[in-house]
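Reader: I'd like to go through the side-chain contacts in this protein with you. Could you take me through them one at a time?

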Amino acid sequence: MTVLHDVLVPRALIRRPEAFGGAPTDDCLRGDFYFSEGKPSRLEPAQHSDTPRMLLPALTEAHCHLDKCHSIARLGTVGGDLTQAIEAQTEDKANWTQEDLTCRMTRGLAELKAAGCAAVRSHIDWGHEAAPPLAWSVLQDLSTDQNLTVQTAALTGIPQLADPVFCNGTAKHIARAPGGVLGAFVLHHDPTDIDAGLGNIFAAADRYALPLDFHVDEGLGSYNGLEAICDAAIAARFEGPILCGHAVSLIDRDAEAMARLTDKLLRAGIHICALPTTNLYLQDRRQGTPNRRGLTRLLELHAAGVPIIVASDNVADAFCPVGQHDPRAALHLAVLAAHLDPPVGHWLPAITVNAATGIGLDPPYVDDAPITALRLCEVASTAEFVRTQAPLIPIHTLTKAYEK
């Protein structure tokens, strides 16, 4: 039996807090943490020190774009809405050689590890052929680090997937890749394309046992791709994980529409992923300073019981000239932009438990996750954890020098 003295564990990251032990302290339980043979045991009452540490799961980055990251320096003067960003990044693809992709993706993966991530899902622009693009193959080759689970999600267009031959061929290639995910961009296409594309993608995902990931309604206004995805998932009785990123247009839904949509999201088992960095940068472009927040309805979704996630999205590319490969930094921004009020620990599942289940992994609750999934951080509160970049230390690597 091994013990870590005087640790804080956020209650929201404990599956059974009433049985875990420890003393309530704000939004945490506090005590000496015992574990044995690679498994957590319990918290026991402990004498408080002046410098408690926080125990929590490793972070999960549920949505980023490693094929695009760190390309901003060669894009010249960029800045604009989603359409302009797509055009600028499309032009840059002429530079996407194996050497270029390897260099930029390696940097992004290193940043994710340094941020305390144990799992990441990166989208990869798929192209016009059913066969995987170069960026897909490069990331697959780089995904050999045993300390970082890497999922690779194909980012295709709904009109492409409306072609059943293209959809099935793409899904077949994705199914051969470890951590392969079938994905699509859903915004403002012909309704026929949406219906056919969603029908094909759910059938293919079911056929090849693939998780699904959608970029949906990435804009303010009357877009309603999210409801179409819900309807297709319910009709297909799809049982695999479904993650929907962005959903910015929910901000324009009234109470009646939100109630209808949240009911469908719950029935379909869909997680919603907010991407505050990119969406705040791209949305509500106008003359002068924007006066609307390009962010989905995190508070309303959470209150309805829909699992919410926060992730990094774009980093130093045409879609966002800044950003960080760090879910904690994304949550920090979401706290400010969406008014995610204290206790801050209430929102930590968005970058841990919910983020993991949203990409089809086991939820890393502190009381039943393997010790290899847990991290120690030198902070004394959940608010301090979110507002700082204090490193996350894998507890299975701790030496006597770290133990108190």
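What follows is a set of questions and answers on ring pairs, cysteines and salt bridges in this predicted model.

Reader: Let's start with rings. Are the planes of F20 and F33 stacked, edge-to-face or tilted?

Author: The two ring centres are 6.3 Å apart, inside the 6.5 Å limit for a pair. The planes meet at 55°, and stacked needs under 30 degrees while edge-to-face needs over 60. So the pair of F20 and F33 counts as tilted.

Reader: How many residues apart in sequence are the parts that this pair ties together?

Author: F20 belongs to helix α1, which covers residues 17–20. F33 belongs to strand β3, residues 28–36. The pair therefore ties together a helix and a strand, and the separation in sequence is 13 residues.

Reader: Which residues are linked into a cluster by ring pairs?

Author: The structure holds 5 aromatic pairs. F20 and F33 are both buried, and ring pairs join them with one further residue into a cluster. The members are F20, F33 and F35.

Reader: What sits over the ring of Y34?

Author: A charged group is placed over that ring, 4.7 Å from its centre. There is another case at Y281, where the charged end of R285 sits 4.5 Å from the ring centre. For Y34, the group is the charged end of R42.

Reader: On to cysteines. How many disulfides are there?

Author: A disulfide needs two cysteine sulfur atoms within 2.5 Å. For C69, the nearest cysteine sulfur belongs to C64 and is 7.7 Å away, so C69 is in no disulfide. For C167, the closest one is in C244 at 16 Å, too far for a bond. The count comes to 0.

Reader: Is C69 buried or exposed?

Author: Buried means under 20% relative accessible area. C167 meets that at 1%, and C69 has 0%. So C69 counts as buried.

Reader: Now salt bridges. Which residue forms one with R15?

Author: The structure holds 19 salt bridges. In this one, the closest N and O atoms are 2.6 Å apart. R15 is in the loop between β1 and α1, and the partner is in the loop between α13 and β14, 353 residues apart. The partner is D368.

Reader: Are R15 and D368 buried, partly exposed or exposed?

Author: Buried would need under 20% relative accessible area, and exposed over 50%. R15 has 39%, and D368 has 34%. Both values fall in between, so R15 and D368 are partly exposed.

Reader: What is the relative accessible area of D213, which meets R121 in a salt bridge?

Author: The N to O distance in this bridge is 2.7 Å. D213 lies in strand β10 and R121 in strand β7, so the pair ties together parts 92 residues apart in sequence. R121 is buried at 0%, and D213 is buried too, with a relative accessible area of 0%.

Reader: Which helices hold K264 and E227?

Author: These two form a salt bridge, their closest N and O atoms being 2.7 Å apart, and both residues are buried. The pair ties together parts that are 37 residues apart in sequence, because K264 lies in one helix and E227 in another. The helices are α9 for K264 and α8 for E227.

Reader: Which residues are joined into one network by salt bridges that share partners?

Author: Here bridges have partners in common, and that sharing joins the residues. The network is made up of D67, K68, K93 and D125.

Methods:
Residues are numbered from 1 along each chain as its sequence is written. This is a predicted model: local features need pLDDT of at least 70, side-chain atom pairs count only at pLDDT 80 or more; totals for chains, interfaces and linings use all residues. Side-chain values use heavy atoms; hydrogens and water are left out. Rings of Phe, Tyr and Trp (its six-membered ring) pair if their centres lie within 6.5 Å; planes under 30 degrees apart count as stacked, over 60 as edge-to-face and the rest as tilted. Helices (H or I, at least four residues) and strands (E, at least two) are DSSP runs, numbered from the N terminus. Buried means under 20% relative accessible area, exposed over 50%, partly exposed in between (1.4 Å probe, protein chains only). A charge sits over a ring if NZ of Lys or CZ of Arg is within 6 Å of the ring centre and within 35 degrees of the ring normal. A salt bridge is a side-chain nitrogen of Lys or Arg within 4 Å of a carboxyl oxygen of Asp or Glu.
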